[in-house]
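These are my notes from a look through one structure. I wrote each entry as I looked the item up.

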Amino acid sequence: MDVYTLGEAFGVVTSGRVRHEHEARLDVAGAEFTVAVGLARLGHEVGWLGKVGGDDLGARILTVLRGEGVDISDARVDEGSPTGILLKESRLGQTARVTYYRTGARLAQGNVPVDRIAASRILHVSGITAALNARDAMHAAVRAARTARVLVSV
């Protein structure tokens with residue numbers, strides 16, 4: 001595998017001002033999710049580790065990744081937690097307002113496939129993952145990469 005990454009993915013609801021709009025758009029995103037999709041589109045073999053809720057939004061995230069050619073064989077589904085979302089409000093003449101609704105679907109250290117990371121050329125992580133919801137998992141992944149002399153990209 002060229003690049004292995006781990007992190008959060010969630011639904012993105014985009015609208016004008018929520019209190020006034022009647023329509024919204026639903027997408028999926030996340031920092032490492034976006035990196036994985038971009039690299040796969042450039043022809044790289046990419047694996048993504050993340051945890052989604054056992055709901056339709058979680059299924060959509062995995063379907064999009066799979067459809068983009070990203071290996072999701074290590075992805076986890078937490079049947080007891082909903083998938084997180086963010087709400088992005090576009091406001092004329094102002095910066096968009098983004099509100100995150102994060103949930104309990106969090107990666108744990110035990111979710112990290114050390115052997116898959118060791119077999120990769122690059123491990124890509126971000127500070128977002130470490131700061132918000134998966135510090136122990138990210139540290140385990142970085143330790144595995146360093147032990148195997150895999151390049152770590154942040």
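I began with S15 and found it opposite E89 in β7. The two strands involved, β2 and β7, pair in the parallel sense over five bridges. For my notes, two strands pair if DSSP finds at least two bridges between them. Helices (H or I, at least four residues) and strands (E, at least two) are DSSP runs, numbered from the N terminus.

Before going on I noted the basis: this is a predicted model, where local features need pLDDT of at least 70 and side-chain atom pairs count only at pLDDT 80 or more, while totals for chains, interfaces and linings use all residues. Residues are numbered from 1 along each chain as its sequence is written, and side-chain values use heavy atoms, with hydrogens and water left out.

**Entry: β2 again.** I looked up another partner of β2 and found strand β3 (residues 25–29), joined to β2 by five bridges and running antiparallel. Within this pair, G11 has V28 of β3 as its bridge partner.

**Entry: the open sheet.** Which strands form the open sheet, and in what order? I wrote down four strands in the order β4-β1-β9-β10, with parallel pairing. β4 (46–49) and β10 (151–153) are the edge strands, each pairing on one side only. From one strand to the next the twist averages 20°; axes are lines fitted to C-alpha atoms, for helices over the stretch in contact, and angles run from 0 to 180 degrees between N-to-C directions. I then checked strand β1 (residues 3–6), which runs parallel to β4 and is joined to it by four bridges. Y4 has G47 in β4 as its bridge partner.

**Entry: whole protein.** I counted five helices and 10 strands in the protein. The C-alpha trace spans about 55 × 35 × 25 Å along its principal axes. The radius of gyration is 16 Å, which agrees with the value near 15 Å for a compact globule of 154 residues. That radius is taken over C-alpha atoms, and the globule rule is 2.2 Å times the number of residues to the power 0.38. Of the 154 residues, 45% count as buried; buried means under 20% relative accessible area, exposed over 50%, partly exposed in between (1.4 Å probe, protein chains only).

**Entry: three single residues.** Is G53 buried or exposed? G53 lies in strand β5 (residues 51–53), and its relative accessible area is 2%, so I put it down as buried. From G53 to R135 I noted 19 Å, C-alpha to C-alpha, with their places 82 residues apart in sequence.

Q94 sits in the loop between β7 (85–89) and β8 (97–101). I recorded Q94 as partly exposed because its relative accessible area is 47%. The C-alpha atoms of Q94 and R25 are separated by 19 Å, and the two residues are 69 apart along the chain.

R149 is in the loop between α5 (135–147) and β10. Its relative accessibility is 79%, so R149 counts as exposed. R149 also has a positive phi of about 60°, although it is not a glycine. I noted the general rule beside this: most residues other than glycine have a negative phi.

**Entry: lining of the largest pocket.** I last looked up which elements give two or more residues to this lining, and they are β2 (10–15), α1 (31–41) and α4 (127–132).
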